[in-house]
Amino acid sequence: MDRIPILKIGDFLLVSVQVDMHDRLAVSLQDDLTSRIVSSRARGVLIDISALDIVDSFIGRMLGNIAGMARVLDAETVVVGMQPSVAITLVELGLSLPGIRTALNIDRGMDLLKSAIERTGAASG
Amino acid sequence: MTVEKQSELALSAQEDVVVARQLVRAWSVELGLSLVDQTKIVTAASELARNTVIHGKGGTIRLEIVLETGRRGLRLTFADRGPGIVDIEKAMSDGYTTGTGLGLGLGGAKRLSQEFSIESEPGNGTRIAIIRWKG
C-alpha cells in the first residue's frame, strides 16, 4: 500500500504531501505521524501541502486531527505552503482550520516551530 | 440547455473519488475556468463524490459541458441508489453529519457552486447536480 514518507530533521518531522490522497491514505498518514512523534520524540511537525491543488473537508479534518494529537503528545504542528486558490476555496467551503498554525513556506514554518517550542520550553522549565 | 460533450464514471470506492477529482480538473481546464473556479468545482466534486461512495453506497458522476444563452459551463451530476435523504434541509445545514466527516459536504458544495439542485427520496437514492459557468 502507498505511504507518505515522513522525514526527521533535528527535533522536527517533515511531511511533504506530493500525491492526490484518497481518504485511506490520509488516515494512514495521520496514524503514521502519531506513532513517529512518539518513537522519534519529535517536538514539531511540519506539513507541506504546496503540491495539493485541493483541500476538502476530509483532508481539512485530517490536518486538524494531526495537530490535535501532536499537541497531546507535546509537539507543535505547522501547515505550510497552501496555494492561494486552495485558501480561497477552503474559506468558502466553511473550513477555517481552527487550531492549525499555518505559514507561507517551509522556512517560515521552521521559524514558527522553533519559537513555539522555545516558548513552551521556557514556560515548563 | 444543450450538452456539447459528456462522460460518466462509476463511483464505488475511495480511489474513484481521486479519479473523479482528476477528471473534473481536466474538464475545467479544457473549459477555460480560472484557477480559483477550477479549485472550487474540484473541491465540490470531491465532497459530493465522497458522499456518493459513503452515504449512497456507490453510484455515478456524469460530467457535461453545457451551453446556454451563449455561455458554457461544466455540469456535474452525482447519482446513487442508496438510502436517500429523509430531511434535505437538515442534511444541507453545516455541522450535520451522519458519518465521520465535518458535516460540511453538502452545504459546502452548494456554496462552491453557482447552481445546485438536489433530489432525494428515502429508499430511492439521491441525485445532485452542480454547475459552474465560465466567465
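Modeller: A helix here is a DSSP run of H or I with at least four residues, and helices are numbered from the N terminus. The model is predicted. With that in hand, look at the end of one helix. G94(A) follows α3(A). Its phi is positive, near 110 degrees.

Biologist: Which residues of helix α3 of chain A are buried?

Modeller: Count C-beta neighbours. A residue is buried if 20 or more other C-beta atoms lie within 10 Å of its own, and exposed if 12 or fewer. In α3 of chain A, residues 84-93, the buried set is V86(A), T89(A), L90(A) and L93(A).

Biologist: Over what arc around the axis of α3(A) do they lie?

Modeller: They span only 105 degrees, so they sit on the same side of α3(A). Now turn to the other side of the helix. P84(A) and V91(A) are exposed there.

Biologist: What do the buried residues of α3(A) pack against?

Modeller: Both chains take part. Chain A offers α2 (57-72), and chain B offers α2 and α4.

Biologist: That brings in the chain contact. How many residues does each chain give to it?

Modeller: Chain B gives 24 residues and chain A gives 19. On the chain B side, α1 (14-31), α2 and α4 (105-111) each supply at least two residues. The most come from α2(B), with 9 residues. By type, the chain B side that touches chain A splits into 8 nonpolar, 9 polar and 7 charged residues.

Biologist: Stay with chain B. How do I read a pair of helices? At what angle do the axes of α1(B) and α2(B) cross?

Modeller: Take the crossing angle and the approach together. The axes of α1(B) and α2(B) cross at roughly 155 degrees and come within 9 Å. Angles over 145 degrees count as roughly antiparallel. The two helices, α1(B) and α2(B), are therefore roughly antiparallel. Their crossing is right-handed.

Biologist: Which residues of α1(B) and α2(B) meet?

Modeller: From α1(B), the list includes V17(B), A20(B), V24(B) and S28(B). From α2(B), it includes I41(B), V42(B), A45(B) and A49(B). Charged residues take part too, among them R21(B) and D37(B). The whole contact of α1(B) with α2(B) divides into 9 nonpolar, 4 polar and 5 charged residues.

Biologist: Next, positive phi. What is the phi of K57(B)?

Modeller: Check the residue type as well as the sign. K57(B) is not glycine, yet its phi is positive, near 60 degrees. Place it next. K57(B) lies in the loop between α2 (35-54) and β2 (59-68) of chain B. It has 13 other C-beta atoms within 10 Å, so it is partly exposed.

Biologist: Where is T69(B)?

Modeller: T69(B) sits in the loop between β2 and β3 (71-80) of chain B. Its phi is also positive, near 35 degrees, in a residue other than glycine. T69(B) counts as exposed because it has 5 C-beta neighbours inside 10 Å.

Biologist: Last one. Is M21(A) buried or exposed?

Modeller: Place it, then count. M21(A) is in the loop between β2 (12-16) and α1 (23-40) of chain A. It is buried, because 20 other C-beta atoms lie within 10 Å.

Biologist: What does M21(A) touch, leaving out residues up to four places away in sequence?

Modeller: M21(A) touches A26(A) and I59(A) on that basis. For a sense of distance, take S115(A), 94 residues from M21(A) along the chain. Their C-alpha atoms are 31 Å apart.

Technical notes: Residues are numbered from 1 along each chain as its sequence is written. Chains are lettered from A and ligands numbered from 1 in the order in which they are written. This is a predicted model: local features need pLDDT of at least 70, side-chain atom pairs count only at pLDDT 80 or more; totals for chains, interfaces and linings use all residues. Two residues are in contact if their C-beta atoms, placed from the backbone, lie within 7 Å. The arc is that of the directions from the helix axis to the C-beta atoms. Axes are lines fitted to C-alpha atoms, for helices over the stretch in contact, and angles run from 0 to 180 degrees between N-to-C directions. Angles under 35 degrees count as roughly parallel, over 145 as roughly antiparallel, 65 to 115 as roughly perpendicular and the rest as oblique. A crossing is left-handed if the near helix is turned anticlockwise from the far one by less than a right angle, and right-handed if clockwise.
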